[in-house]
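Got the structure open in your viewer? Let's take a walk through it, one selection at a time.

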Amino acid sequence: MFALRPPTLPLMLMLACAPAVAAPGLHDAPGLLSETGLYADIARREIAGDVIPFSPQYPLWSDGASKRRWIRLPAGAAIDASNPDAWVFPVGTRLWKQFAVGRAIETRMIDRIEDGSWRFVSYVWREDGTDAELAPVRGMRVATQDGDYRIPSQADCRVCHEGAAVPVLGFSALQLSADRDPLAPHAETPDPVATDLDALMRSGRLTGLPADKAPRIDAPTPVTRAALGYLHANCGHCHDNAQDAGVPTGLLLAQRVADPAHNDAVLASLVAPADRYRPQNLAADTRLQVLAQRMATRDPRAQMPPLGTAHVDTEGLALIQRWLDESSPTAQGGMP
């Protein structure tokens with residue numbers, strides 16, 4: 001059985017103990033964040049020399065939490081980007097994402113372990129900031145200045161990450177493109193030493209990527225580009241035709257760098273007639289209109305995304321509403 005060290009955070013509300021059988025590879029996850037290799041000196045918040053910061057151009061909405069992100073690749077190893085939409089990361093790759101609400105609350109880590117599978121763990125920061133401790137498999141809640149903050153369960157992590165073409169989200173050709181979208185909601189100012197596609201290729205840490213031009217969403221207007229980027233980042237990992245089970249509700253939102261014509265399918269999917277199944281009190285003509293209505297609610301029977309957020313993203317919703325106001329479906333399934 002997975003053994004959790006006794007919690008030292010007095011404001012934690014534990015949801016449950018670890019299950020009888022831990023997820024593969026979880027039993028040997030480091031117990032403390034300071035043991036994962038992210039920091040050279042956690043007390044001074046000094047990041048290790050082989051760890052690289054990055055900033056996706058379309059950040060995921062996380063209820064307003066501020067975030068920082070890093071990646072570490074094994075020495076001498078490189079990412080195979082031959083398929084620009086499904087990079088192959090070497091065994092030993094580690095990525096971290098830190099969430100802060102007034103103070104650092106949580107740092108999530110995903111890493112590719114020896115058998116080639118991916119491990120998903122979360123570390124909860126002590127109130128004194130000295131370190132962060134491995135969270136229970138079933139998740140937990142932490143009290144913050146803005147109310148309870150929910151640490152996701154292992155199952156919640158896998159719902160999103162394992163629905164995509166590759167479990168790594170936010171570190172991709174589109175997200176690291178130097179051609180950044182000025183209208184992207186919640187756009188962050190990249191760290192001065194943050195990596196991008198050019199830097200990765202120059203250093204030899206990324207190989208095989210077609211070197212035509214900086215990837216971008218091929219859209220007819222700046223608002224459409226930003227809206228499609230937002231939907232790709234927040235919804236595309238589930239609404240992605242790479243899934244074996246097919247696209248949920250027939251809605252396709254994941255972008256394809258390797259296929260610019262893919263946007264036609266995305267737009268056609270959005271302006272298609274609304275599906276017969278609709279949550280109670282929602283009525284609209286197209287899938288995009290239903291999507292906007294579901295973004296605007298946190299009724300658990302209807303909200304989108306269904307996990308990872310308890311508050312409506314007003315900035316993201318305003319962008320989608322602006323797109324709806326400025327656009328109208330055409331008989332060809334596109335938007336002018």
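Start with the second largest pocket, which holds about 500 Å³ of space. Keep in mind that this is a predicted model. To put yourself in the middle of the pocket, select K213, A214, P215, R216 and V257: of the 25 lining residues, these lie nearest its centre.

Now colour the helices around it. Both α2 (197–202) and α4 (262–271) supply at least two residues each to the lining of this pocket. Which of the elements gives the most to that lining? That's α2, with 3 residues. If you switch to colouring by residue class, the pocket lining splits into 14 nonpolar, 7 charged and 4 polar residues.

Next stop: the largest nonpolar core, a set of 27 residues. Show L231, L270, I320 and W323 as sticks, since these have the most contacts inside the core. Four helices give two or more residues to this core: α3 (222–235), α4, α5 (287–295) and α6 (314–326). Highlight α3 in particular, as the largest share of the core, 8 residues, comes from that helix.

Stay here and zoom in on L270. What does L270 touch, leaving aside residues up to four places away in sequence? Its partners are L228, L231, L251, L253, T286, R287, L288, L291 and W323. Two of those names, L231 and W323, you have already put up as sticks for their contacts in the core.

For the last stop, clear the selection and pick L95, W118, A173 and L200. They belong to a second, separate core, made up of 21 residues.

Notes
Residues numbered from 1 in each chain as written. Predicted model: local features only at pLDDT ≥ 70, side-chain atom pairs only at ≥ 80, totals over all residues. Heavy atoms only, no water. 1 Å grid on protein atoms, 1.4 Å probe; cavity = no way out; pocket = protein on both sides within 12 Å on 5 of 7 lines; lining within 4 Å. Points joined across faces, edges and corners; volume = space filled by probe spheres on them. Nonpolar A, V, L, I, M, F, W, Y, C, P; charged D, E, K, R; others polar. Core = buried A, V, L, I, M, F, W, Y, C linked by side-chain atoms within 4.5 Å. Buried < 20%, exposed > 50% of the residue type's maximum accessible area, 1.4 Å probe, protein only. Contact = heavy atoms within 4.5 Å.
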